[in-house]
Structures are given as C-alpha cells and as structure tokens.
Amino acid sequence: MLRSSNAAAVLKNYPLLLGKLEAPSSNLAPAFAISAQLFPLSTWAETQYKVIDDSLSLLLRRFLSTTSHQTLQQGKKHNTEETKNKIAVGISGGVDSAVAALLLKQAGYEVVGVFMRNWDETEETGKTRHCTIEKDFKDASAVCTQLNIPLYEADFIAQYWNEVFTKFLAECSRGLTPNPDLACNRHIKFGALLEFAKRQLGVEMVATGHYARIKKIPSSSSSAFIATCSDENDGVLQAKKVQLLQGIDGTKDQSYFLASIHPEALNSVLFPLGEFEKSTVREIAAKYKLVPAEKRSSAGICFIGRRNFAEFLEQYLPIVPGRFIDVDNGKDVGRCENILSVTIGQRPGIGGASDRTYVAGKDINTGIVYIAKGRNHPALTTKSAMLRTPHWLSREHFDRLKCDKELQCEYKARYGQKSAKCTLKLVHSEEITAEKGFKKSRFCGLQAEDSKINDGYVVVHFDKPAGAITPQQEFVMYDGDVCIGSAAIAMPGQTLHEEREGGENHNF
C-alpha cells in the first residue's frame, strides 16, 4: 500500500508510472505537483493506489491530495464511524455527476445517489416538450446501476416553486434580471438536498458535479488582520475550516453559481470535479462507458433550458410593451414587444436597423428601452455600480471592508466572465452616494422599492470600465481563486457616454 511517507518514492518513480498511462497523460502531470503535500490517507483510500497503471488512479491522487478528502475526515464530531465515509451524490443524469460519483466510489466512499425533481413541466404546460426530467431520470438510474449504487428520488418541486421560481417571477415583473440558478443552489441543492441526505438517508456529506473546489483552512492558521471594529452579532457567518475556490478549468468554473450558498453548507460539501478539466471528465466517462458520456451539457436557466426566454416569460407575466430610444439622438426607433424580456448588453432585434444595436438600459416606469449602436459604444460601459447588501463567505474580507471602509478584490458580474479588479466602498443610507463617487445612470429606471439605497449597500469602482452591469444580476467577489461572497447588483453607475455629456438630464 502507498502511504504518505512513501510520497518521495512515488515522485521518484513518476516517469516510470507515466509511461504506463493511457491518454490523456498530459492532463495527469499536475497531479504529481501536489503529491508532496499528501495528507495521511486512511486505509480505504490507500488501497486505491495499488493499481498505479490505471489513469483514473492517478487522477484520483489529485483529488485526494486536495482537502476534499480531509474535509470528510474533519467532519462533525457526532458522526459515527459507520456514516462518516458515506456520501450522497446529486445524480442529474449528466456526465459530470456520473463521473463525480465514480471518482468518489473509486476513492473508497460508500456512495448513494439522489435524483432531484425540482421542476414539473406537466404542471406548467401539461406537456413535456422542453423538460427532459424523465429522460434524465432514466439516465441517472442507468448510471447508478453501472456503478452499483442505490438511487433515491427527492421531490423538491414545492420548495423550488416557493424559494426560487416565485421570487424569480416577482423580480422579472419589476423589470429586473435575476439569476435563479444561484437561488437554486442556495435553497435546493445545498439546502433541501443536504436536509434530505441527513434526515432521510442518515448521510452527513453531499457531493455534486460542480466545477469548483473546497479548500480546508488549517486550524493553526490565523489572519494577520485583526478586526477591531467588527461586531460578532452582525449576522455575517464564516464557513468553518473551508473556503470556496474556483475550479481548475477556467472555462467551466462554476463558483459563480455557488457564491450565495450558506457558508455553513460548505462544511458538508465535496466537489470532486473541481481539480479536473471538462475534457478529462468526458474521457473518464468514455473510458468507463458511463451512459451519459456523450450527452450534451445542459444550458440556460434550469427551468427554461434552451427555449426562448421571452416566450417562456409570457406564460406567467403580462406583456409590458415599450419603445426603443436611441441614446445618441433621442429618436424613437421602434416598438419593444415586451420590456420585461430585454436586458442590458443584449441585442434587442430591432427590425430594419442598419447597424448592430445593443441595449444600454431600460426604464420600467416609462417603458423606454435605451439602445446604442456598435459593441464599443460608451453607453454600454460604466466605471461604477451600486450593490445590495453582500452575502459573505469570508468573514475576514467583510471585516476588512467594515473597518477600512473599502476593499480591493476581483469580481465577475456574470457567469463566464474573466475576473477583473475593483474596489468596494461601504454605503450608509444617510450618506449622499455622490460622496462615494457614485451617480446612477439615467438609462436605468427602477421601481421605487428597487431604487432605495439601504444601509449596508456597497459602491463598487471598476479598475477598467465594465459592460452589461445589470440590476439583480449577481456580482461575485474573489480574492485570487477564493470566492469571498456575492451581492445582487442594485443599479449601474453613469455610463461613459453620460460622463462625456457632462451628466445632464435629457427629456427622452
């Protein structure tokens, strides 16, 4: 058996081992960069390394040499020996969750699968044209049969409707652009699923196929920053012992969608795929002939999928017609069929337009959709924004902001965006926001309840002008790879176009 004390020998023999590997050997080299930092391995994990000529075994080394394995070992003290190596995996019927379950089983966990029913399209339309729930369940069942693990069904339709969908509709009706996938992760996958696993299955840990990482914070480590002005009763929690990190695959990193989950939930979660590239995951699935190996990845908002957003929205909310107004000359350039279904940065599809046009903003009160010609138009970018009260995953960073009145970090204002630098500044409701260097864009008209600036809001200044800063989209904050929290965007600041105009008001 391979023990942590033999790590040096393993590294010495790395070229020999690599020579025995099947493709893709190029993806395996990073695994050994971590091998020298191996944690003590339990007997059930050590046995996985006897078959050293299997590529998956070496991929597992990368997984187990991170803190994911250690997170389980450092689980809640009341866990029994019987249950602490048992884990519930959310099986969706897709390739990612299938490989996550495979990796965990290969690593020695006792794996049980859980298939979540969050949306019932038959209740929505009486048909199942767009929802693939039954096909997904069939694939999930086939995967669990292949892996010889049990599969349980969990019905979260009521919770999803109440905690995710009704709030999504309410925000859309006010002209906002929410992202329900974050709410789903917070309330369902890392809320209801965790409760189901603990109460119904007696399992303390849950894993999913998300491309993100969990890192253990050594108990001996302490921050050099000591908060002298922080209040422990301010409601901000810190996930004990762990941090949420971006996934290794920058093109598939899903930490953005996980940034609003409850900090305490991170102590009960594993993300086996966070250390892998998507291409490697597909290769593993193909090698083990898992049912969804070639299955197309899901896309779009979970309950909408690949169908037209405007058509979907019209099933639930009355149409709010409007007019397209050119920001350069104030001219009315056509009818907007439904102001609720357009969002900042997108192409509005104006018939007969000679140039490519983009949405620069909209006013839900007047029905105006402001449009700008050309992707690089200055009306499409801003230097600042107002954020609603943040949800923090890092107590330290909250304390820094509260004590220093500002915090430098990186951000993503939408999924798939490359992180960029910014500075956060706390706002108090009695303050004049202009003192914080913030002026609201006149291209953004919100209802009264959404325009109010409350205590705890944050002004963000971008190091470089940012585009598509959209009310109610999630603004996720990072310190390097570490996700430190998130906040809904309240409103964008003045655009570069407005600054060049001098910020004067226009009657159009």
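**View 1. Five strands line up in an open, parallel sheet, in the order 3-2-1-4-7.** Strands here are DSSP runs of E with at least two residues, and helices are runs of H or I with at least four, numbered from the N terminus. Two strands pair if DSSP finds at least two bridges between them. Strand 3 (151-155) and strand 7 (269-270) sit at the edges, each pairing on one side only. Keep in mind that this is a predicted model: local features need pLDDT of at least 70, side-chain atom pairs count only at pLDDT 80 or more, and totals for chains, interfaces and linings use all residues. Residues are numbered from 1 along each chain as its sequence is written, and side-chain values use heavy atoms, with hydrogens and water left out.

**View 2. Strand 2 (residues 110-117) has a partner in strand 3 and another in strand 1.** Five bridges tie strand 2 to strand 3 in the parallel sense, and Arg117 is matched with Asp155 of strand 3. Strand 1 and strand 2 also run parallel and are joined by five bridges; here Gly90 has Val114 of strand 2 as its bridge partner. What holds paired strands together? Strands of a sheet pair through backbone hydrogen bonds, either parallel or antiparallel. Strand 2 is mostly covered, with seven of its eight residues buried (buried means under 20% relative accessible area, exposed over 50%, partly exposed in between, with a 1.4 Å probe and protein chains only).

**View 3. Two helices lie across the sheet: helix 7 (residues 95-106) and helix 11 (residues 180-200).** Helix 7 crosses strand 1 (86-90), strand 2, strand 4 (205-207) and strand 7, at about 170° to strand 1. Helix 11 lies across strand 1, strand 2, strand 3, strand 4 and strand 7, at about 125° to strand 2. These angles run from 0 to 180 degrees between N-to-C directions, using lines fitted to C-alpha atoms, for helices over the stretch in contact.

**View 4. Take a closer look at helix 11, from its cap to just past its end.** At the N-terminal end, Asn179 acts as the cap, with a side-chain oxygen 3.1 Å from the backbone nitrogen of Asp181. Buried residues of helix 11 include Leu182, Cys184, Ile188, Phe190 and Phe196. A straight helix of 21 residues would span 30 Å at 1.5 Å a residue, yet helix 11 spans only 26 Å between its end C-alpha atoms; the expected span is 1.5 Å times one less than the number of residues. Just after the helix, Gly202 takes a positive phi of about 65°.

**View 5. Gly209 sits in the loop between strand 4 and strand 5 (212-216).** Why does Gly209 count as buried? Because its relative accessibility is 13%. Beyond neighbours within four places in sequence, Gly209 is in contact (heavy atoms within 4.5 Å) with Asp96, Ser97, Ala100, Gln254 and Leu273. Its C-alpha atom is 7.7 Å from that of Ala98, although the two residues are 111 apart along the chain.

**View 6. Some stretches of the model call for caution.** pLDDT is the predictor's confidence in each residue, from 0 to 100. The protein averages 79, and 71% of the residues score at least 70. Over residues 1-58, though, pLDDT stays under 50, and over residues 61-81 it is below 50 too. Where pLDDT is low, the predicted coordinates should not be read in detail.

Technical notes
A polar contact is a pair of N or O atoms within 3.5 Å; within protein, one must be able to donate a hydrogen and the other to accept it, and residues adjacent in sequence count only if both atoms are side-chain atoms.
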